[in-house]
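Subject: Structure handover and notes

Dear colleague,

As agreed, I am handing over the structure below, so that you can keep it open beside these notes while you read.

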Amino acid sequence: MLIKEVFFKLLISGLKDKVSAISIPNIYIKLPYRLVGKQGKVVTKYRYTPIAKQL
């Protein structure tokens, strides 16, 4: 999915030089975390955590 999104930019940059690279900002991964619910039971929730941020 990421390659599909940036393929055109990568293709254009590759035509100019022999070596090409592209940075893809704002990549998130869905990670589980546990917390204690209202009734005292442990509940697993999910949170999006950034793994690549735009500088």
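What follows is an account of what was found in the structure, going from the overall layout to single residues.

Please keep in mind from the start that this is a predicted model. The mean pLDDT of the protein is 77, and 60% of its residues reach 70 or more. That confidence is spread unevenly over the elements, since helix H1, which covers residues 2-16, has the lowest mean pLDDT among them, at 66, while S1 has the highest, at 91.

Overall layout

The protein is made of 1 helix and 2 strands, and these follow one another along the sequence in the pattern α-β-β. Of its 55 residues, 2% count as buried. The accessible surface comes to about 5,600 Å², and carbon and sulfur atoms hold 60% of that surface. If one takes the contacts in the protein with a separation of 6 or more, residues 24 or more positions apart account for 18% of them.

The hairpin

How do the two strands pair, and over how many bridges? Strand S1, running through residues 27-36, and strand S2, running through residues 42-52, pair in the antiparallel sense over 10 bridges. Together S1 and S2 form a hairpin with 5 residues between them, and in the turn Gly-40 has a positive phi of about 85°. Two of the facing positions can be named here: Lys-30 stands opposite Tyr-48 in S2, and Leu-31 stands opposite Arg-47 in S2.

Leu-31 and Arg-47

This facing pair deserves a slower look, beginning with Leu-31, which is found in strand S1. Is Leu-31 buried, exposed or partly exposed? Leu-31 counts as partly exposed because its relative accessibility is 37%, and the range for that class lies between the limits of under 20% for buried and over 50% for exposed. Leaving aside its neighbours within four places in sequence, Leu-31 is in contact with Lys-45, Tyr-46, Arg-47 and Thr-49. Leu-31 and Arg-47 are 16 residues apart along the chain, yet their C-alpha atoms are separated by 5.5 Å.

Leu-31 also takes part in a feature of the surface, for Ile-29, Leu-31 and Ile-51 make a nonpolar surface patch of about 260 Å². As background to reading positions along a strand, side chains in a regular strand alternate between the two faces of the sheet.

On the other side of the pair, Arg-47 lies in strand S2 and is likewise partly exposed, with a relative accessible area of 46%. With neighbours within four places in sequence again left aside, Arg-47 is in contact with Ile-29, Lys-30, Leu-31 and Tyr-33. As for Tyr-33, its C-alpha atom is separated from that of Arg-47 by 7.3 Å, and the two residues are 14 residues apart along the chain.

Two further positions in S2

Lys-45 has its place in strand S2, and it counts as partly exposed because its relative accessibility is 40%. Not counting residues up to four places away in sequence, Lys-45 touches Leu-31, Pro-32, Tyr-33 and Leu-35. One of these, Leu-35, is 10 residues from Lys-45 in sequence and 7.6 Å from it in space, C-alpha to C-alpha.

Val-42 is also found in strand S2, and the question there is whether this residue should be called buried or exposed. Val-42 counts as exposed, because its relative accessibility of 61% falls in the class of values over 50%. Even so, Val-42 touches Arg-34 and Leu-35, again not counting residues up to four places away in sequence.

To draw these notes together, the picture is of a predicted model in which S1 and S2 form a hairpin, with Leu-31 standing opposite Arg-47, and in which the lowest mean pLDDT among the elements belongs to helix H1.

With best wishes

Conventions:
Residues are numbered from 1 along each chain as its sequence is written. This is a predicted model: local features need pLDDT of at least 70, side-chain atom pairs count only at pLDDT 80 or more; totals for chains, interfaces and linings use all residues. Side-chain values use heavy atoms; hydrogens and water are left out. Helices (H or I, at least four residues) and strands (E, at least two) are DSSP runs, numbered from the N terminus. Buried means under 20% relative accessible area, exposed over 50%, partly exposed in between (1.4 Å probe, protein chains only). Contact means heavy atoms within 4.5 Å. Accessible areas come from the Shrake-Rupley method with a 1.4 Å probe; for residues, only the protein chains shown count as cover. Two strands pair if DSSP finds at least two bridges between them. Patches are made of residues with over 30% relative accessible area and no salt bridge: like charges are joined within 9 Å, nonpolar side chains (Val, Leu, Ile, Met, Phe, Trp, Tyr) within 5 Å. A salt bridge is a side-chain nitrogen of Lys or Arg within 4 Å of a carboxyl oxygen of Asp or Glu. pLDDT is the predictor's confidence in each residue, from 0 to 100.
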